[in-house]
Amino acid sequence: MTPPATTRKRRVRAGHITPGRHIVQFSGGIGSFGAAVRVAERYGTDRLTLLIADTGIEDQDLWRFAEDTGRLLDVPLTRVRDGRTPWEVFHDKKFLGNDRLAPCSQVLKQIPCRRWMETHADPADTLVYIGIEDTPRDRARIPAIARNWAPWQTRFPLCGRREETLTKDQLLNEARALGVEPPRLYGLGFKHNNCAGMCVRAGQRQWLHLLDVMPERYAEAEAEEEGLRSRLGNVSILRDRRGGTTRPLPLRELRARARAEGGRRRAS
Ligand code: SF4
């Protein structure tokens, strides 16, 4: 049974300490929050690090959530940064990221985090924790994630638990019960709290949702994509698979199509 929130708050601050270093790959998502709380409960926070990579385009509320989590655990955030945004990386690489290949993740997250680890964390006594959720799709990612982190050993505190599998809603409620308001993107209907809802790995559904709830942010991404298209040719984040063929689907076209379909629905 889950202990009451006040007991849990005490436990995450004063848990049992074991030798070694515990690095939570803190993405600002609710899964990484759940992982951090469980590591703190089990090992205490003396040798706990919340390692977070700044992509330069995160939602402002991600940083509020990350700071609140740091205060809850009494662990300051360790923030690493390449200095570029995903859009700048795409310009530099002459390649627009998409759902098949997103170099921004490697350049802005993996490389800065690894660089920090190489300087501060000995693989011989360090564990890295990743808060992926316990779904078949996420579990399938574990071997590749573990390979990417080698030589550091990885742990996935939300997967394969003996207790019940935690849903995203349960994790969000857990944060509230511990006095940390979840990131606002979840409340706005996004599944992930990354790159302010503009992740190039997201599909059409998320981009249409972004157009609905944050049109100014969609316009920002559309302008960035147009800038890259003017340099790189007919590239796009999304693909259109209608009619049995696959072709680039720029955000500008997706927006025009959504507006036209919305207009037709209103007229009928
Ligand atoms: S969240 Fe998406 S857009 Fe942001 S760095 Fe990762 S893959 Fe790139």
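**A walk from strand β2 to the ligand**

Start by selecting L50 and L77: in β3, L77 is the bridge partner of L50. Keep in mind as you click around that this is a predicted model.

Now widen the selection to both strands. β2 and strand β3 (residues 77–81) run parallel, with 5 bridges joining them. To follow the chain between the two, show helix α3 (residues 60–73): the path leaves β2, passes through α3 and arrives at β3, a β-α-β crossover that is right-handed.

Next, go back to L50 and look for its opposite number in another strand. V24 stands opposite L50 in β2. Select strand β1 (residues 21–25) as a whole and you'll see it pair with β2 in the parallel sense, over 4 bridges. Add helix α2 (residues 30–43) to the view, and β1, α2 and β2 together make a right-handed β-α-β unit.

Stay on β2 (residues 48–54) and turn on its side chains. How many of its residues are buried? The count is 7 of 7, so to speak a mostly covered strand. In a regular strand, side chains alternate between the two faces of the sheet. Here, L48, L50, I52 and D54 point one way, while T49, L51 and A53 point the other, and all are buried.

Last stop: the ligand. Select the 13 residues around it; A102, C104, N194, C195 and C199 come nearest. Colour that shell by class and you get 7 nonpolar, 4 polar and 2 charged residues. Which helix gives the most to the shell? Select helix α5 (residues 103–120), which contributes 4 residues.

Terms used: Residues are numbered from 1 along each chain as its sequence is written. This is a predicted model: local features need pLDDT of at least 70, side-chain atom pairs count only at pLDDT 80 or more; totals for chains, interfaces and linings use all residues. A residue is near a molecule or strand if its C-beta atom, placed from the backbone, lies within 6 Å of it. Ala, Val, Leu, Ile, Met, Phe, Trp, Tyr, Cys and Pro count as nonpolar, Asp, Glu, Lys and Arg as charged, and the others, Gly among them, as polar. A residue is buried if 20 or more other C-beta atoms lie within 10 Å of its own, exposed if 12 or fewer, and partly exposed in between; C-beta atoms are placed from the backbone. Two strands pair if DSSP finds at least two bridges between them. A crossover is right-handed if, with the strands pointing away from the viewer, the path from the first strand over the helix to the second runs clockwise.
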